[in-house]
Amino acid sequence: MRTQYFEYLAPSSIEEAVKMLKEYEEAKILAGGQSLIPLLKTRITVFPYLVSLSSIPGLSYISLDKDKLRLGPMTVVSDIEYSGDLMKRLPVLTEAASQIADPLVRNMGTVGGNVSHADPSNDMPPVMLALRARFTVQGGPSGTREIRASDFFVDTFQTAMNHDEILREISVDLPEGAPQAPT
Ligand SMILES: Cc1cc2nc3c(=O)[nH]c(=O)nc-3n(C[C@H](O)[C@H](O)[C@H](O)COP(=O)(O)OP(=O)(O)OC[C@H]3O[C@@H](n4cnc5c(N)ncnc54)[C@H](O)[C@@H]3O)c2cc1C
């Protein structure tokens, strides 16, 4: 089945995307589309506006320093799966990434979309809970705020993010004993 008609909005910054979410109450963020588009095809739910994050630069990165990992929300799962640094320093994440669906889904689906969808059958939420990840979200009245993984996942398909908030970064303190970055 095809999706119903929707307007595709392509902001070039997070600020512009937040403005669009505030303006259109029925808008939905679109990342890799691997969960959202199949849902729209069922027509169980309809969003007349999709705010795509694809044209916003700087949202895809894996940054590892001495004791912290930072992930951009638009980092695709396959980039995590094949990150040599992550394989060495946080293999639970690369292993989890490799278990997700198939290469086509992993090349399109993003880590931000995987956690934001809050599907209990997704692989990233339990890993993020176990790693005590923190989610930086942008938008809303407070501008930017940080949510602990234990508070982020509220219910099935429901997170602590408000409609006008966008997941901006995932950070993880590397567990004690994790191999160190080469000096
Ligand atoms: C055939 C198939 C098999 C799959 N199998 C698995 C599997 O085994 N394991 C698994 O974990 N997943 C699986 N998935 C889901 C896949 O991993 C999705 O890609 C992922 O859950 C969503 O990522 P996305 O980038 O595609 O997000 P989208 O589909 O674009 O968005 C998903 C949701 O997150 C919201 N969102 C996205 N990015 C942000 C952001 N930055 N801030 C706020 N909200 C945001 C969207 O509004 C939407 O509600 C499968 C999908 C398919 C099609």
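Which residues are the closest of those that surround the ligand? In this predicted model, 25 residues surround the ligand, and the closest of them are Ile-29, Gln-34, Leu-36, Thr-110 and Asp-123. The ligand sits in the largest pocket, a space of about 970 Å³, and the points below take up its contacts, the pocket and a separate topic, the cavity.

**Ligand contacts**
- Backbone atoms of two residues take part in polar contacts: a polar backbone atom of Ala-31 is 2.8 Å from an oxygen atom of the ligand, while a nitrogen atom of the ligand has a backbone N or O atom of Leu-167 at 2.8 Å.
- A side chain contributes as well, since an oxygen atom of the ligand and a polar side-chain atom of Asn-122 are 2.9 Å apart.
- On its own, the ligand has 980 Å² of accessible area, and the protein covers 84% of that area.

**Shell around the ligand**
- At least two residues of the shell come from each of β2 (27-30), α7 (111-116) and β10 (165-173).
- Sorted by class, the shell comprises 12 nonpolar and 11 polar residues, together with 2 charged ones.

**Largest pocket**
- The largest pocket, with about 970 Å³ of space, is lined by 41 residues, of which Lys-28, Ile-29, Gly-113, Ser-116 and His-117 are the closest to its centre.
- Two or more lining residues are given by each of β2, α2 (36-42), α6 (103-108), α7, β9 (158-159) and β10.
- The lining of this pocket divides by class into 19 nonpolar, 18 polar and 4 charged residues.
- Ile-29 appears in both lists, being among the residues closest to the ligand and among those closest to the centre of the largest pocket.

**Cavity**
- The structure holds 1 cavity of 30 Å³ or more, and the largest cavity contains about 50 Å³ of space.
- Its lining is formed by Thr-3, Gln-4, Tyr-5 and Phe-6, along with Leu-40, Thr-45, Val-46 and Phe-47.
- By class, the lining of the largest cavity has 5 nonpolar and 3 polar residues, and no charged residues are found there.

Technical notes: Residues numbered from 1 in each chain as written. Predicted model: local features only at pLDDT ≥ 70, side-chain atom pairs only at ≥ 80, totals over all residues. Heavy atoms only, no water. Near = heavy atom within 4 Å. Polar contact = N/O pair within 3.5 Å; in protein donor to acceptor, adjacent residues only side chain to side chain. Areas by Shrake-Rupley, 256 points an atom, 1.4 Å probe, with all protein chains shown as cover. 1 Å grid on protein atoms, 1.4 Å probe; cavity = no way out; pocket = protein on both sides within 12 Å on 5 of 7 lines; lining within 4 Å. Sits in = over half its atoms within 2 Å of the grid points. Helix = DSSP H or I, 4+ residues; strand = E, 2+ residues; numbered from the N terminus. Nonpolar A, V, L, I, M, F, W, Y, C, P; charged D, E, K, R; others polar. Points joined across faces, edges and corners; volume = space filled by probe spheres on them.
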